[in-house]
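Visitor: I should like to go through this structure in a series of questions. May we begin with the terms and then turn to the elements themselves?

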Amino acid sequence: MANHKLFGTDGIRGTAGKPPLDPPSVRRLGAALVRALPHGKESPQFLVGRDTRESGGWIEAELAHGACGEGAMVTSVGVVPTPAVAFLTRTGIYDAGLVISASHNPFEDNGIKVFSGKGEKFNEAVEGAVEAIMADASWSARGGEAGTVPRADLVDAYLDHLRAVFPEAPHVVPFPIVIDCANGATTTAAPELFNSLGFETIVIGNRPDGRNINLGCGSTHPERLAETVVERGCAMGVAFDGDGDRAIFVDHHGHIVDGDAVLLMCGHQLLREGRLKGNAIVATVMSNIGLELALKPLGIDLIRTSVGDKYVMEEMLKRNLALGGEQSGHIIFSEYLFTGDGLCTALNVLRTVALTGRTLSDLASDLTTYPQVLLNVRVREKVELGTVPAVADAIARVEARVAGQGRLLIRYSGTEPLLRVMLEGERQDEIRGWAQEIVDVVKEHLG
């Protein structure tokens, strides 16, 4: 296992039953997580939750068996959204929170995310320490058969925390909404939450069978949600992903409203209330230039990070900011939690709709999404582009053309010998031609 990278941008992910998610590796990981904690803590407390995948039960048991073998005490909260584990870990007696989920992936996959006692995802330094312990062949995890993990029903505390996001709800005239639970973790929380706030709620994607998580439903497949919203004449709809840490919306016309539009409308609402710390929002390099241009006249800066909500979180922590997120629907409201929370996001959007008196469609129209072109070019080696004069000149020419009204992003693929050229601007045909200029020069000199 030496030099083996386990953690990706969102924890450990793979096919359930195969390395690194085979029983021995999962058990060893449970033990390694205890060993990575600061020394001196006797009987560290771990909280574990999971989504609805059929593999979640045995992964939970193996993870707990390994951790308990190193002296930890592990409590299961059962099937709950990922942010519920983060919240309960932060507010309880727990030293770490473990989530067993592969988010929006199909049921055959699974994964393990780890939160610190502060309710924040492990940073890369801690992940590296865990990987080093896993690779150390001088120790072994406890043997024997994994048993049942002690259970605690704690979801009500999480729901109470969420209701505080929308304190005006009892005084708002309720309007009909559709929620899509992706046959995943939000099935145990979302219907109760929205019904308790007085919304006329139609629920779909709420019959999990262990294999239908994200199957034709949820944030990655919002088509059925859109159809239901229009057919039932609802004001809006929201689709969660399998573990409930992201949300994608649908307006009353059935049009998709993504994370960029949510950042704009919620950022503006927080600004009006004096709650937008630093007058800045964090997004990733994938957010459309239209978001940046829409925020500018409001006096709100956009700070960009690499793709991955953990990078958004780290930047928000560093700058003490209130709002950040991804176009994909991972939105972080740091006043409530330092991780993406689909239910919290939905409540903030509903609150913004209610307090402004505008429809979701109208609020989303404040964002002009610019055309985007993405071209890939195969390269023989990944050299620094500034060291190739012809390529550097081509990039500089295109950057000058889009300055102030567009955006050029060039990066190498992390897994393939490809250079990715992404260009945003006002006219699709124009930016496609400019992107092709760069690709042609790269092919000539690096292809």
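Guide: One term is needed at the outset: contact means heavy atoms within 4.5 Å. The model under discussion is a predicted one.

Visitor: Against which elements do the buried residues of α10 pack?
Guide: Helix α10 spans residues 309-319, and its buried residues are D309, K310, V312, M313, E315 and M316. The elements against which these buried residues pack are α4 (124-135), β11 (280-284), β12 (301-305), β13 (323-325) and β14 (331-333).

Visitor: Which residue follows α10, and what is its phi?
Guide: The helix itself covers residues 309-319. The residue that follows α10 is N320, with a positive phi near 55 degrees.

Visitor: In what order do the five strands of the open sheet stand?
Guide: The pairing in this sheet is mixed. One pair, β6 and β8, runs parallel, whereas β8 and β9 run antiparallel. The order of the strands is β7-β6-β8-β9-β10.

Visitor: Which strands stand at the edges of that sheet?
Guide: The order of the open sheet is β7-β6-β8-β9-β10. A strand at an edge has a single partner strand, so one side of it is left without a neighbour in the sheet. The strands in that position are β7 (200-204) and β10 (256-257).

Visitor: How many bridges join β9 to β10, and which residue of β10 is the bridge partner of F249?
Guide: Strand β9, residues 247-251, pairs with β10 in the antiparallel sense, and the bridges number two. The partner of F249 in β10 is V257.

Visitor: Is β8 largely enclosed or left open by the rest of the structure?
Guide: A residue counts as buried under 20% relative accessible area. On one side of β8, M236, V238 and F240 are buried, and on the other side G237 and A239 are buried. Since five of the five residues of β8 are buried, the strand is largely enclosed.

Visitor: Which residue of β8 is the bridge partner of D180?
Guide: The strands β6 and β8 run parallel and are joined by four bridges. Strand β6 covers residues 176-180. The partner of D180 in β8 is A239.

Visitor: Which residue of the β8 and β9 hairpin takes a positive phi?
Guide: Five bridges join these antiparallel strands, and F240 stands opposite A247 in β9. Six residues lie between the strands of the hairpin. The residue with a positive phi, near 80 degrees, is G244.

Visitor: At what angle to β8 does helix α11 run?
Guide: Helix α11, residues 342-356, lies across β6, β8 and β9. Its angle to β8 is about 165 degrees.

Visitor: How many disulfides are found in the whole structure?
Guide: A disulfide requires a pair of cysteine sulfur atoms within 2.5 Å. For C181, the nearest cysteine sulfur is that of C217, 9.3 Å away. For C266, the nearest is that of C344, 9.0 Å away. The search of the whole structure gives a count of zero.

Visitor: Are C181 and C266 buried or exposed?
Guide: C181 has 0% relative accessibility, and C266 has a relative accessible area of 2%. The cut-off for the class is under 20%, so C181 is buried and C266 is likewise buried.

Visitor: Which residues line the largest cavity?
Guide: There are four cavities of 30 Å³ or more. The largest cavity holds about 70 Å³ of space. Its lining consists of F7, T9, D10, G11, K113, V114, K121, F122, E127 and K310.

Visitor: Which residues does E62 touch, beyond those up to four places away in sequence?
Guide: E62 is placed in helix α2, residues 56-68. At 14% relative accessibility, E62 counts as buried. The residues touched are P23, V26, R27 and A146.

Visitor: Is E231 buried or exposed?
Guide: E231 lies in helix α7, residues 223-232. Its relative accessible area is 65%, and the class applied over 50% makes E231 exposed.

Visitor: Which residue of β17 is the bridge partner of R378?
Guide: Strand β15, residues 372-378, has R378 on its uncovered face, together with Q372, L374 and N376. Seven bridges pair β15 with β17 (residues 418-424) in the antiparallel sense. The partner of R378 in β17 is L418.

Terms used
Residues are numbered from 1 along each chain as its sequence is written. This is a predicted model: local features need pLDDT of at least 70, side-chain atom pairs count only at pLDDT 80 or more; totals for chains, interfaces and linings use all residues. Side-chain values use heavy atoms; hydrogens and water are left out. Two strands pair if DSSP finds at least two bridges between them. Axes are lines fitted to C-alpha atoms, for helices over the stretch in contact, and angles run from 0 to 180 degrees between N-to-C directions. Buried means under 20% relative accessible area, exposed over 50%, partly exposed in between (1.4 Å probe, protein chains only). On a 1 Å grid over the protein atoms alone, a cavity is a set of points where a 1.4 Å probe fits but cannot get out, and a pocket is an open set with protein on both sides within 12 Å along at least five of seven lines; lining residues have an atom within 4 Å of a point. Grid points are joined across faces, edges and corners, and a volume is the space filled by probe spheres set on the points.
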